[in-house]
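Trainee: Could we go through this model together and check how each label is earned?
Mentor: Gladly; ask away, and we will set each value against its cut-off.

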Amino acid sequence: MLLPYVWPSFGASTTNMVLGWVANAPFYFMPLFVAYGAAKRLGGTEIYAMLVTAALLTPEWVAAVSEGTAITVFGIPCRLITYNGQLLPALLIPIIAYYIEKFLNKIIPGIVKSLLVGSGTILVTGALAFSIVGPLGRYVGDFISNIFLFLGDNVPFIAVSALAVCLPWMIMAGMHTALSPFMAQNLETIGYDAVIRPAFVLHNVSEGGACLGVALRTKDKEFRSECLSLAVGAIVAGVTEPAIYGCNLRFKKPMFGVMGGAAIGGVVAALLGAKAVVMGYSNLLAVLPMFLNTAWAMFVGIAAAIVSSAAITYVLGIDEGTNK
């Protein structure tokens with residue numbers, strides 16, 4: 001929240017405390033949201049996956065972990081680790097629950113399905129979640145977060161630039177959505193995101209910069225106005241699909257401007273130390289609340305991305321016949 005920065009006394013109020021709880025709740029309970037989405041996509045029963053995932057977040061389990069209580073499930077020892085804000089356990093649990101439910105539906109007679117399928121799915125999935133699936137997902141998730149931490153600390157300019165360059169094609173393939181949960185996990189695990197969110201922001205503004213380059217090149221006044229509108233949408237609102245399909249991909253060459261601008265902006269922002277500390281939208285208006293103390297570095301990177309993507313696009317030129 002920005003209010004404590006401009007109104008210091010508000011930071012000590014109970015209102016700020018309550019609003020902080022509201023803001024932090026999505027991170028702590030993120031596994032529940034992820035479990036619901038994964039179960040829905042698989043076609044399983046959402047409540048089974050959500051119930052087992054919620055069990056990993058209960059205060060009793062958190063207390064047992066903090067106290068070092070030895071816990072076993074059917075003789076299998078449980079690793080004493082917490083799961084708040086963790087992504088992969090919440091993705092694995094719905095998969096396990098889906099196949100267990102599917103198997104039980106095949107072997108249990110119809111007359112008792114309603115009674116035994118749900119309870120059996122929850123029982124088996126719950127046991128596996130605490131003993132095997134949860135720890136496995138936690139360790140893999142921490143490993144991935146450590147990779148981002150290593151890249152952000154040692155070669156941030158390479159990591160941010162490479163991801164920003166790939167994002168236009170990832171967005172067209174729908175692959176970019178897979179990265180979003182890792183942003184939240186980075187914030188929960190290491191306290192900041194120095195790679196994914198900066199790359200998203202820089203890609204979006206580079207799409208807008210390329211549209212500006214096309215606007216400067218085209219002789220069609222009506223299309224120039226459309227390109228300027230697409231540029232504003234990409235830069236200010238972070239909506240890039242119209243810019244991609246309505247302008248940059250159509251002319252092909254502007255895509256080189258997008259990638260070049262994103263790469264240059266990534267180098268600049270990373271070298272200056274841009275780090276997102278809260279979740280938000282990948283647009284110009286959200287930079288200040290997302291990056292706070294390093295927002296200035298992000299703004300410099302954004303300026304570099306917009307100018308360079310527009311310049312590269314303008315120099316490469318466009319084929320006006322493509323628009324017709």
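Trainee: What makes Arg217 count as lying over the face of Tyr314?
Mentor: In this predicted model, Arg217 is 4.8 Å from the ring centre of Tyr314. The cut-off for a charge over a ring is 6 Å from the ring centre, together with a position within 35 degrees of the ring normal. Arg217 lies over the face of Tyr314.

Trainee: Which ring does Lys275 lie over?
Mentor: That of Tyr192, with 4.2 Å to the ring centre.

Trainee: How many aromatic pairs does the structure hold?
Mentor: There are 3 aromatic pairs. Trp61 and Phe130 form one of them, with ring centres 4.9 Å apart and planes at 70°.

Trainee: Why is the pair of Trp61 and Phe130 called edge-to-face?
Mentor: Centres must lie within 6.5 Å for rings to pair, and planes over 60 degrees apart count as edge-to-face. With 4.9 Å and 70°, Trp61 and Phe130 are therefore an edge-to-face pair. The pair also links distant parts of the chain: Trp61 belongs to helix 5 (residues 59-67) and Phe130 to helix 7 (residues 113-154), 69 residues apart.

Trainee: Are those two residues buried or exposed?
Mentor: Buried means under 20% relative accessible area. Trp61 has 5%, so it counts as buried. Phe130 has 16%, so it is buried too.

Trainee: What makes Tyr98 and Tyr99 an edge-to-face pair?
Mentor: Their ring centres are 5.0 Å apart and their planes are at 80°, so the edge-to-face label applies. Tyr99 has a relative accessibility of 52%, and the cut-off for exposed is over 50%, so Tyr99 counts as exposed.

Trainee: Where is Val300, and why is it called partly exposed?
Mentor: Val300 sits in helix 15 (residues 295-316). Its relative accessible area is 38%. Partly exposed covers the range between the buried cut-off of 20% and the exposed cut-off of 50%, so Val300 is partly exposed. The C-alpha atoms of Val300 and Tyr99 are separated by 49 Å, and the two residues are 201 residues apart along the chain.

Trainee: Which residues is Val300 in contact with, leaving aside neighbours within four places in sequence?
Mentor: Val268 and Leu272. Val268 and Leu272 of helix 13, along with Val300 of helix 15, are among the residues that make the contact between these two helices.

Trainee: How do you know that helix 13 and helix 15 are roughly antiparallel?
Mentor: The axes of helix 13 (residues 254-272) and helix 15 cross at roughly 155° and come within 7 Å. Angles over 145 degrees count as roughly antiparallel, so that is the label for helix 13 and helix 15. Their crossing is right-handed.

Trainee: Why are helix 10 and helix 11 called roughly antiparallel?
Mentor: For helix 10 (residues 196-217) and helix 11 (residues 221-237), the axes cross at roughly 165° and come within 7 Å. Set against the cut-off of 145 degrees, helix 10 and helix 11 are therefore roughly antiparallel. Helix 10 passes helix 11 in a left-handed crossing. Among the residues making the contact are Gly208, Cys211 and Leu212 of helix 10, and Cys227, Leu228 and Ala231 of helix 11.

Trainee: What makes Thr53 buried?
Mentor: Its relative accessible area is 2%, and the cut-off is under 20%, so Thr53 is buried. Thr53 is in helix 4 (residues 46-55). Not counting residues up to four places away in sequence, Thr53 touches Pro31, Leu32, Ala35, Ala90 and Ile93.

Trainee: Why does a positive phi deserve a remark?
Mentor: Because most residues other than glycine have a negative phi. Phe74 is not a glycine, yet its phi is positive, about 55°. Phe74 lies in the loop between strand 1 (72-73) and strand 2 (76-77). With a relative accessible area of 69%, against a cut-off of over 50%, Phe74 is exposed.

Trainee: What is the phi of Lys252, and where does this residue lie?
Mentor: The phi of Lys252 is near 65°, again a positive value in a residue other than glycine. Lys252 lies in the loop between helix 12 (241-251) and helix 13. Its relative accessible area is 59%, so Lys252 is exposed.

Trainee: How many helices and strands are in the protein?
Mentor: There are 16 helices and 2 strands. Of the 324 residues, 46% count as buried.

Note on methods: Residues are numbered from 1 along each chain as its sequence is written. This is a predicted model: local features need pLDDT of at least 70, side-chain atom pairs count only at pLDDT 80 or more; totals for chains, interfaces and linings use all residues. Side-chain values use heavy atoms; hydrogens and water are left out. Rings of Phe, Tyr and Trp (its six-membered ring) pair if their centres lie within 6.5 Å; planes under 30 degrees apart count as stacked, over 60 as edge-to-face and the rest as tilted. Helices (H or I, at least four residues) and strands (E, at least two) are DSSP runs, numbered from the N terminus. Buried means under 20% relative accessible area, exposed over 50%, partly exposed in between (1.4 Å probe, protein chains only). Contact means heavy atoms within 4.5 Å. Axes are lines fitted to C-alpha atoms, for helices over the stretch in contact, and angles run from 0 to 180 degrees between N-to-C directions. Angles under 35 degrees count as roughly parallel, over 145 as roughly antiparallel, 65 to 115 as roughly perpendicular and the rest as oblique. A crossing is left-handed if the near helix is turned anticlockwise from the far one by less than a right angle, and right-handed if clockwise.
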